[in-house]
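Work through the following exercises with the structure open. Each task is followed by a solution in steps.

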Amino acid sequence: MQSRRPIRVQRPHRQSPPRALALSICTLAWACAPAQAQTAVAAATAASAPAAGTAGAPQTSVVIVNGVALVRVSPKATFSQSVIGEETIRNLSPAPTTTVQTMLAEQPSVFVYANGPTGVETNVYLRSFNSSQFSETFDGVALNDLFNGGVTNSAENRNNVLLIPANIQGVDLYRGINNPSVNSYNSLGGTVNFMPRRPGATAGGDAGASAGSFGSYDLHASYDTGDWKGLKQIFAYDHSSSRGWIDHTGDHNNNFYWGASYDFNAANHLTNYLLYNNNKGLSPYNMPAPLQQQYGYAYQWPLDYTNAPIKDTNWMDIVDFKSALGHGLTFQNKFYFGRNEYLRTSYSNPAHQQSATQPYTLEDTPTGFPFWLGTPGGPTYDPVATFGSSAAGTAYHFYGYTTTGFGDTPALTISLPDNEIVLGANFTEGKLHSREYWYGSTPVPQITGYNNAWDEHDSRSLWSLYAQDTLSLLGGDLQLTPGVKFMHAQTSDNDVVGIYYPLAGTVSDSEHFVSPTLGANYKLAEGLHVYASYGKNIKLPDISAYYGAFQSDANGNNTIVPPQVQPEYVQDYEVGARYMVDGLSLTLNGYRENFTNTFITKTDPVTQLSTFTNGGSSRYQGVEMQLLGDLGATAIGHVSAYFNYAHNQAKFTSSFNSDFAGAVTAGQPLAGVPQNLVSIGAVWKSQGWRVDLNSRYVGKQYIDQAYAGLPSATTLGAYAVANLGISDTLRPVATGFGKSVKLSLNLDNLFNRRYLNTAFTDTDFSGNSFVRGVSAPPRMITGSVDVAF
């Protein structure tokens with residue numbers, strides 16, 4: 001069941017409860033491509049340089065190698081970052097495992113996997129921080145849940161998908177703390193900005209289809225209206241479906257995208273991006289390894305044992321106005337709003353619960369005793385009287401999670417001869433309705449005061465002010481980017497009496513924090529730059545810190561224990577060097593992030609009341625290397641390659657006690673954190689042909705003990721996965737219609753490597769320890785055809 005478990009130590013490798021609509025924000029301020037870039041180069045730059053403003057140190061630069069425009073991180077950038085261009089995105093594998101998160105795996109310090117097809121249970125980590133501890137943004141608007149921090153698979157929102165690769169035109173990935181115009185409210189590990197797919201000036205479109213392993217297929221189409229009296233629009237639709245590589249995990253996804261821009265005149269511009277996504281399927285489960293070994297990697301509980309149909313509907317709209325006021329002044333304002341609704345009705349058969357003959361616990365276990373009956377003002381549902389037993393009467397659980405929100409973020413950029421100042425602000429308001437109801441049949445009635453496990457209404461208001469400067473000194477050889485941001489949050493949780501709530505009431509709290517940043521970059525020699533940076537940012541408490549305040553003490557008295565907590569925060573120190581010459585780019589950097597004010601729960605031994613508070617600290621440190629090489633056009637065709645390596649280490653640096661996790665010891669590593677990540681790839685292109693070959697290596701990782709949140713001695717072994725893509729783009733002379741026809745064949749997990757995405761240790765009915773895990777996808781073969789017109 002969707003139980004209200006005790007609050008655990010906030011761990012960087014674990015997803016925290018409920019997931020909401022993308023609502024936190026900081027206005028992004030960017031640099032344009034170099035003025036000397038030619039028209040062809042400008043088109044390439046558009047794939048990786050967002051249209052949101054002009055502030056800050058140069059983010060990207062353009063290099064021409066044998067007539068080919070290459071977009072790279074600017075050698076003058078003062079923080080650690082990397083980019084993914086549009087060409088890479090348009091040539092991703094159409095396999096059902098490809099999402100906007102899994103495509104990040106080619107970047108340093110990114111560990112990501114999907115437990116199901118078309119985005120189901122996608123988990124992503126940056127420098128060992130989970131998705132609730134770094135920001136993912138779309139055109140500068142954060143996709144992070146306002147109440148629980150995560151983006152995907154947070155708060156049991158297992159198939160919360162908003163973005164797909166077809167919606168985006170490029171990615172800027174900032175590792176670590178960045179300047180205040182880029183980072184957001186929970187940007188501990190960094191910020192990933194997905195840049196919108198923008199409408200073009202020429203009318204045209206494309207349509208395509210793919211089909212492959214496990215009954216997977218995709219249908220998609222888009223149309224660009226071209227420039228009509230200053231108005232440009234693009235419309236896109238995508239439908240994908242798969243029965244999944246694990247039994248009973250079928251899923252399908254529908255996505256609609258609309259992008260529009262209008263030029264009032266040379267100084268005033270308006271853009272709008274609308275996203276709508278609907279996902280429906282069945283949940284994958286962590287399965288006992290002995291059953292996987294007995295029945296195969298694809299085995300999952302039969303549907304008459306347990307199942308959980310899931311449905312998520314998510315949309316967001318961003319309206320962006322930008323005006324050049326003259327005299328070096330540029331004003332920009334973004335208004336955004338949206339909604340997310342996740343619905344799940346799970347079933348767990350009382351006849352197949354853990355026993356001597358079926359030794360493993362099932363998901364969403366029904367309760368054996370109606371412990372809530374007799375609670376003053378509490379639920380009156382009697383499962384025994386209605387269905388004959390408590391287990392039969394609580395076999396179905398409905399869980400709903402609905403968020404709505406809106407926000408606004410203005411920014412003023414002041415461009416001076418040797419520096420650029422950005423003054424910005426943000427206000428974001430969100431509402432959450434989280435509820436769960438139990439019953440013995442479906443549809444589950446949703447009657448507050450009768451069968452509600454909980455029914456809560458929450459609100460959170462965020463606002464921030466920031467200022468940053470970009471100074472160019474010593475003839476442009478020295479770049480400095482000082483900045484500061486003030487952040488404030490007001491949170492309220494209102495609960496009625498429920499199965500998990502002995503009393504009704506409201507808990508409120510506020511937090512504030514000052515976040516300073518400083519970056520510096522110095523040119524040592526032609527093509528060689530060194531940089532260093534410092535930053536400080538926070539993680540706000542999840543809403544679970546507030547709903548855990550409703551308790552009963554040792555004498556059975558109901559009471560509210562407000563959280564006594566300050567935001568978690570990180571201090572980040574970075575040093576690095578970049579060497580760029582022609583098509584070669586080498587970046588090497590080291591970082592240390594000191595994590596302080598870890599969220600924990602402590603219980604008074606006399607009153608037995610628990611308090612959510614701060615305690616303990618940890619350290620994240622590592623080394624990252626990125627090598628990019630592009631030879632441009634050669635005698636054998638266009639050849640490019642990349643090699644990335646990251647060593648990430650995350651350990652507790654103090655000893656403390658938490659009720660849920662127990663004793664935490666200084667020096668103890670965090671589970672779910674592979675210390676070594678390697679990605680390598682090469683691309684060959686010639687006369688319409690393209691071959692992509694890439695591989696990633698994930699080092700061993702410790703796994704959690706069930707229900708404890710602390711690492712066991714058990715590890716998941718290291719593994720390497722290779723992928724191959726081959727395509728041929730035919731022009732009209734060969735096809736007789738359209739601008740081009742592209743035929744593709746993709747083989748993901750080329751050598752059929754078998755491994756587990758994620759796992760934890762558990763005990764069976766007899767007390768024997770075993771591992772539960774989710775099988776990673778085996779080899780997948782996908783063929784596709786795309787027609788441009």
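**Exercise 1. Count the salt bridges, then place two of them in the chain.**

Step 1. A salt bridge is a side-chain nitrogen of Lys or Arg within 4 Å of a carboxyl oxygen of Asp or Glu. By this rule the count is 18 salt bridges. The model is predicted, so local features need pLDDT of at least 70 and side-chain atom pairs count only at pLDDT 80 or more, while totals for chains, interfaces and linings use all residues. Side-chain values use heavy atoms, with hydrogens and water left out, and residues are numbered from 1 along each chain as its sequence is written.

Step 2. Take Glu 87 and Lys 685, whose side chains form a salt bridge at 2.7 Å, N to O. Glu 87 lies in helix α2 (residues 86-90) and Lys 685 in strand β35 (residues 676-686), so the pair links distant parts of the chain, 598 residues apart. Helices (H or I, at least four residues) and strands (E, at least two) are DSSP runs, numbered from the N terminus.

Step 3. Now take Glu 624 and Arg 127, with their closest N and O atoms 2.9 Å apart. Glu 624 is in strand β31 (residues 617-634), and Arg 127 is in the loop between β5 (122-126) and β6 (135-138), 497 residues away.

**Exercise 2. Decide whether the residues of these two pairs are buried or exposed.**

Step 1. Buried means under 20% relative accessible area, exposed over 50%, and partly exposed in between (1.4 Å probe, protein chains only).

Step 2. Glu 87 has 41% relative accessibility and therefore counts as partly exposed. Lys 685, at 22%, also counts as partly exposed.

Step 3. Glu 624 counts as buried because its relative accessibility is 1%. Arg 127 is buried too, at 0%.

Step 4. Glu 624 and Arg 127 also belong to a network of salt bridges with Arg 175, Glu 574 and Glu 593.

**Exercise 3. Describe the pairing of strand β12.**

Step 1. Two strands pair if DSSP finds at least two bridges between them. Strand β11 (residues 216-224) is joined to β12 by eight bridges, and the two run antiparallel. Within this pair, Leu 219 stands opposite His 239 of β12.

Step 2. The hairpin of β11 and β12 has six residues between the strands, and Gly 226 takes a positive phi near 80° there.

Step 3. β12 also pairs with strand β13 (residues 251-263), antiparallel over 12 bridges. Tyr 237 has Phe 256 in β13 as its bridge partner.

Step 4. Strand β12 (residues 231-242) is mostly covered, with nine of its 12 residues buried.
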